[in-house]
Amino acid sequence: MKVSLRQVNDGISVIDLEGDFDLYSSPKAREILLKLAKEKAPAVVVNLSKVGYMDSSGIATLIEALRALGKYGGKLILAGVNLKTMEVIKLARLEKIFDIKENEEQALASTKSQTQQV
Amino acid sequence: MINVISALGKYGIDWVRELGSMGLFFYNAFLGIFKPPRKFYSTIKQVHFIGNKSLAVVSFTAAFSGMVLGLQGYYTLSKFGSEGLLGSAVALSLIRELGPVLTALMVTGRAGSAICAEIGIMRIEEQIEALECMAIDPYSYIIAPKVLGCIIAVPLLTAIFDIVGMIGGYAIGVGLMGVNPGAFIWGMKNSVLNQDVWMGVVKSFFFAILIIWICCYKGFWAGTRRGSFGAEGVSKATTEAVVLSSVMVLVGDYIVTSLML
Amino acid sequence: MSNAEVTSLIRVENVDTHYDSLKVLHNISFEVQPRAITVIMGVSGCGKSTLLKLLIGLKKPTAGNIFIDGKNLVNMNRRELDAFRKRIGVLFQGGALFNSMTVGENIAVPLRVHTKLSEETIRIMTQLKLEMVGLAGFEDFMPSQLSGGMKKRAGLARVLAMDPEILFFDEPSSGLDPITSAGLDNLILKLKSAFGMTIVVVTHELESAFAIADQMIVMDKGEILAQGTPEEVKKSTNERVIQFLNREPEEKYSKDSQFLETLIGKI
């Protein structure tokens with residue numbers, strides 16, 4: 001799985017994942033997510049639109065990231081979740097825990113409105 | 001008459017088949033040592049299980065063995081007026097023979113039987129098949145740590161046996177029978193040579209391999225041969241393992257002794 | 001995970017097998033469809049457990065082929081067999097949990113051996129799997145502290161740890177009361193519908209079989225008597241199949257004269 005990180009305005013980080021988010025590739029994503037949490041990034045958008053398959057190790061990685069970011073009030077937003085991945089999230093009853101948006105634009109828009117409120 | 005011959009023949013064939021099966025097991029277990037997963041912690045756990053748990057039995061047996069050696073040795077040597085040699089007699093007997101052999105027998109009874117039963121239960125509960133179906137090699141995951149643990153623990157236990165035994169022999173020889181302490185210790189220091197210690201070390205390693213090989217093998221195939229399934233198979237396997245290990249230790253003792261003398 | 005055009009995931013062709021010289025399976029042929037539940041059933045001793053062993057590679061057939069995704073299981077080398085086994089999960093009767101580890105440690109075994117996932121990730125995954133099988137909060141229990149039904153669920157959680165594509169169940173209902181058994185059946189159905197898993201169940205429990213099967217294979221004395229959808233199997237005209245489905249015991253009583261003769265001797 002290809003993992004790439006880019007910075008967008010207001011210090012929001014977007015992680016683009018491409019390929020299968022599974023047992024063998026999740027450590028890569030985990031490393032970057034935890035590094036961002038350590039640096040106290042205000043918000044991280046995980047772009048899953050190019051992820052074909054995500055298994056429970058992927059979910060576990062996202063849960064860990066959510067917790068790590070949440071410790072200091074950081075936000076984790078999932079963007080571009082396809083149907084199959086959505087089913088997996090729903091089965092683990094996590095659709096209410098994750099902040100899920102249709103695509104990257106909506107995700108970034110939601111962070112803007114939050115920073116404006118502050 | 002034909003029945004007797006055919007029964008003997010069957011016995012012979014079964015025995016050869018068993019030997020081959022054991023050889024194959026040894027080969028797989030040996031390979032398993034070098035295959036992943038990493039075994040450091042599981043090996044340490046096994047050293048604890050075999051070594052720590054046998055420590056009390058070994059020390060206790062060693063003390064009394066040493067004490068008996070002191071008594072019998074004094075009795076025999078005093079017939080020739082050679083009581084002063086008691087130290088040598090006790091030390092050499094322990095280091096060359098009694099230490100390795102008795103330690104091996106105690107470990108067989110204490111840890112060997114427990115390991116055989118543990119693996120046997122795993123077999124009848126299909127845990128070994130479960131490992132294979134998870135693409136985990138049972139020889140590497142279960143057997144190899146036990147082999148390594150035994151090879152580390154048994155020689156160490158043998159050394160402890162030797163020391164405790166010599167203390168016991170000293171206590172009886174000097175404390176009870178009145179042998180000169182200086183003579184006792186001098187005898188020990190002088191007559192025990194490098195080759196004696198080597199013999200003890202080689203024997204303890206050899207016995208360690210024998211014990212763990214037989215006990216793991218019997219447990220691994222418990223309950224899968226005709227006539228003994230389920231829990232009865234485990235009990236049968238454990239008995240066979242202890243008996244065979246004990247016998248082979250004594251046979252092996254003769255072989256190593258004659259080769260190294 | 002690709003969406004290749006698969007017609008059948010597992011194809012068994014003309015398989016025979018023996019235990020020493022005794023032939024226990026005769027000319028077995030069938031296909032397992034992907035994302036469906038196939039139930040292999042029959043009375044005890046009909047050969048279904050042996051067939052399961054063949055499908056997971058624990059035993060080799062003496063004749064015939066077993067194709068997994070086009071590759072012949074019979075000819076696979078160690079590496080290919082390992083790769084196959086990482087894609088499947090097998091739940092043995094009783095769960096086959098390792099007695100010296102907690103439930104959580106049991107579930108983590110395949111993850112610790114095969115992957116480089118962090119401890120925290122493994123911990124979260126363990127909790128996810130336990131939740132899935134209805135055993136949330138039991139990760140620190142030892143197997144000896146669990147009931148039979150719970151042991152099976154814990155064993156299932158371990159089987160699911162690596163998110164397998166194909167699941168095999170060996171007599172899942174054995175030793176369970178009807179309610180727990182029904183709960184397990186529902187779980188199996190959920191695994192198929194939500195995860196699209198291909199599931200093969202070996203059982204002799206009729207009720208469970210009809211509750212979950214998309215495809216049924218009825219066996220007796222090492223042969224397949226009937227196969228097809230549950231409706232098709234119910235319509236079978238084979239006498240032994242009808243007996244099995246109606247739970248009629250086999251007529252094993254000897255003729256009166258024979259019986260009396262063995263008791264008293266020739267009159």
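**View 1. Contacts between the chains of the predicted model.** Two residues are taken to be in contact if their C-beta atoms, placed from the backbone, lie within 7 Å. On that basis, among the two pairs of chains that touch, chains A and C share the most contacts, whereas no contact joins chain A and chain B, whose closest C-alpha atoms lie 15 Å apart. This is a predicted model, in which local features need pLDDT of at least 70 and side-chain atom pairs count only at pLDDT 80 or more, while totals for chains, interfaces and linings use all residues. Residues are numbered from 1 along each chain as its sequence is written, and chains are lettered from A and ligands numbered from 1 in the order in which they are written.

**View 2. Strand 7 (residues 166-170) of chain C and its surroundings**. Strands (E, at least two residues) and helices (H or I, at least four) are DSSP runs, numbered from the N terminus. Five of the five residues of strand 7 of chain C are buried, so this strand is largely enclosed by the rest of the structure; a residue is buried if 20 or more other C-beta atoms, placed from the backbone, lie within 10 Å of its own. C:Ile166, C:Phe168 and C:Asp170 are buried on one side, and C:Leu167 and C:Phe169 on the other.

**View 3. Strand pairing in chain C**. Strands pair if DSSP finds at least two bridges between them. Strand 6 (residues 88-91) of chain C runs parallel to strand 7 of chain C and is joined to it by four bridges, with C:Ile166 as the bridge partner of C:Ile88. Strand 7 of chain C also pairs in the parallel sense with strand 8 (residues 198-203) of chain C over five bridges.

Notes:
Buried ≥ 20, exposed ≤ 12 C-beta atoms within 10 Å, placed from the backbone.
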